[in-house]
Amino acid sequence: MNSDDLFVRRIAIVGGGTAGWMVAAALGKLLQYHPCEVVLIESPEIGTVGVGEATIPPIQLFNRLLQIDEHEFLRETRGTYKLGIEFVDWFQKGHTYFHPFGRYGADLENVPFHQYWRKLAQRGEGGALSEYSLPTVAAYRGRFAPPDANPRSVLSNIAYAYHLDATRYAAYLRSYAEARGVQRWQRTVKGATLRPDDGFIDAVVFDDGSQLEADFFIDCSGFKGLLIEEALHTGYEDWRHWLPCDRAVAVPCEANEAPRPYTRSTALEAGWQWRIPLQHRLGNGYVYCSDFLSDDEAQATLLDRLDGKPLADPKALRFTTGKRKRAWNKNCLAVGLAAGFMEPLESTSIHMIQSAIAKLMTVFPDRAFDPVDIAEYNRLTDTEFERIRDFLILHYKATQRDDAPLWRYTREMSIPDSLQHKLDLYQSRGRVFRYDEELFADTSWVAVFEGQGVIPKRYDPLVDTYELDRLRAVAAKMRQTIAAGAESMLTHDEYIARYCASSR
Ligand SMILES: Cc1cc2nc3c(=O)[nH]c(=O)nc-3n(C[C@H](O)[C@H](O)[C@H](O)COP(=O)(O)OP(=O)(O)OC[C@H]3O[C@@H](n4cnc5c(N)ncnc54)[C@H](O)[C@@H]3O)c2cc1C
């Protein structure tokens with residue numbers, strides 16, 4: 001058979017949340033010369049999760065892939081810029097640190113800068129690590145600029161992501177996808193029929209009994225996994241013993257200040273609170289563990305802690321941290337919450353959708369659905385999930401809080417061997433190794449290790465080959481240059497007003 005005889009002729013995407021519309025937009029763009037029909041089905045009765053408003057820098061690649069103009073995108077989603085996350089009360093009550101996008105200082109003699117800073121810090125010198133991070137200094141001064149194209153400029157050393165309104169993001173992607181030929185069906189799916197010979201999905205069945213056949217099904221139906229789980233019974237790996245938060249309550253509120261260019265995450269008694277500044281409001285939520293807090297208490301705590309008047313009724317969400325045993329099973333690929341959810345602490349879920357799309361395009365199937373390709377997709381996905389999982393667990397494990405049962409549990413819990421290995425390496429000599437397919441780079445690990453009290457016993461011995469007085473002078477110069485660089489930027493508010501203010 002010719003390969004074109006095996007072309008996938010119709011793809012059905014089930015679900016019109018962020019995942020469904022990201023997939024639809026990407027397929028609309030990337031399959032424009034492929035003779036394949038793309039249909040997205042979304043239920044008029046079942047809502048989307050409707051949260052998911054903080055992103056990480058790789059989202060820029062997704063926008064570039066779609067050739068989306070950044071300023072238009074921010075105008076349409078009423079978005080703001082994000083230079084990192086401020087973590088409040090995670091290590092100890094009253095303690096704050098910042099996880100920035102962008103490096104600390106500049107490496108010297110091929111040794112990472114944080115190793116030199118460690119040497120100075122041991123001597124009570126050198127100031128705070130955050131003073132060597134342009135995104136951190138800029139964030140706390142409320143400043144923003146995109147990176148300078150000149151790699152020699154201090155202003156090149158910045159990376160950024162966005163905060164966006166999730167509902168507007170899905171609507172924006174929908175118009176993008178529809179303009180590129182994606183069909184939208186507003187129907188509620190009741191189930192699926194399977195082929196008797198191999199158990200592949202043949203068609204989705206709607207509540208009126210009608211059906212839609214397709215060759216390839218992308219399950220973006222959210223937590224329940226309408227196809228991947230309810231039809232194919234793929235199974236789910238439950239990670240609540242490591243990531244015990246299983247509920248959230250979310251509510252937007254009025255903003256009473258200019259939007260800050262960073263997310264804030266504050267550890268509370270039974271979980272943590274997010275605060276995400278958009279152009280027109282703040283997004284807020286309390287992610288908590290239902291073993292230690294009732295829904296009513298969580299809601300009352302969140303409402304009590306808002307910085308402005310609530311703009312909607314609180315929305316309650318339930319989830320099980322973990323991942324689908326196989327994201328791709330037969331002719332069904334789960335993307336978004338249907339594939340798994342590790343909680344929103346480091347804003348990784350939208351990234352995982354984007355990453356799923358990128359992997360799909362590298363092993364795009366024909367109707368033979370080669371098991372080797374599917375196995376490789378699943379291997380890559382599992383590794384990615386596990387590496388992010390470890391990074392998230394670190395936040396809960398490396399705490400000195402013992403004021404509430406959640407924190408007593410997490411500081412004592414056993415952790416995956418892969419994370420223990422990372423911790424051992426850092427505690428020994430401050431070294432971080434990035435393993436294959438790992439999302440978070442060394443800056444991120446160093447930020448959380450140092451921010452949460454994981455202190456190396458020794459620094460890298462190569463540091464001692466650098467003369468101490470020279471190091472002092474270089475470090476002082478770096479701090480000055482970074483402070484001056486941050487000061488030279490527009491304020492975040494000015495930048496938005498100049499380039500991407502939404503008309504509201
Ligand atoms: C508390 C919380 C905070 C989060 N914060 C962040 C964050 O800051 N950053 C981040 O990257 N991610 C975050 N996420 C994750 C993010 O919200 C999701 O990854 C994203 O919204 C994708 O959701 P989804 O499209 O997979 O599912 P959903 O939004 O649940 O969409 C499911 C879709 O399936 C449709 N559907 C369901 N059943 C049927 C049916 N029977 N028939 C037809 N259609 C059906 C629905 O109509 C809907 O369109 C957060 C998640 C939670 C729970």
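The legends below describe views of a predicted model of one protein chain.

**View A. Overall fold of the protein chain.** The chain is built from 14 helices and 23 strands. Its radius of gyration is 23 Å, close to the 23 Å that the globule rule gives for 504 residues, so the chain is as compact as a globular protein of that length. The C-alpha trace spans about 75 × 50 × 50 Å along its principal axes.

**View B. Burial and contacts in the protein chain.** Of the 504 residues, 56% count as buried. Taking contacts between residues at least 6 apart in sequence, 76% join residues at least 24 apart.

**View C. Surface and charged side chains of the protein chain.** The accessible surface comes to about 20700 Å², and carbon and sulfur atoms account for 47% of this area. Positive side chains number 59 and negative side chains 69. The centres of these two sets lie 4 Å apart.

**View D. The buried face of helix 3.** Helix 3 covers residues 70–77, and Glu70, Phe73, Leu74 and Thr77 are buried in this helix. Seen down the helix axis, the buried residues fall within an arc of 95 degrees, so they line one face of helix 3.

**View E. Packing partners of helix 3.** The buried residues of helix 3 pack against two helices, helix 2 (59–65) and helix 6 (166–179). They also pack against strand 3 (80–82) and strand 7 (161–163).

**View F. The residue just after helix 3.** Arginine 78 directly follows helix 3 and takes a positive phi of about 50 degrees.

How values were computed
Residues are numbered from 1 along each chain as its sequence is written. This is a predicted model: local features need pLDDT of at least 70, side-chain atom pairs count only at pLDDT 80 or more; totals for chains, interfaces and linings use all residues. Side-chain values use heavy atoms; hydrogens and water are left out. Helices (H or I, at least four residues) and strands (E, at least two) are DSSP runs, numbered from the N terminus. The radius of gyration is taken over C-alpha atoms; the globule rule is 2.2 Å times the number of residues to the power 0.38. Buried means under 20% relative accessible area, exposed over 50%, partly exposed in between (1.4 Å probe, protein chains only). Contact means heavy atoms within 4.5 Å. Accessible areas come from the Shrake-Rupley method with a 1.4 Å probe; for residues, only the protein chains shown count as cover. Lys and Arg count as positive and Asp and Glu as negative; His and the chain ends are not counted. The place of a charge is taken as NZ of Lys, CZ of Arg, CG of Asp or CD of Glu. The arc is that of the directions from the helix axis to the C-beta atoms.
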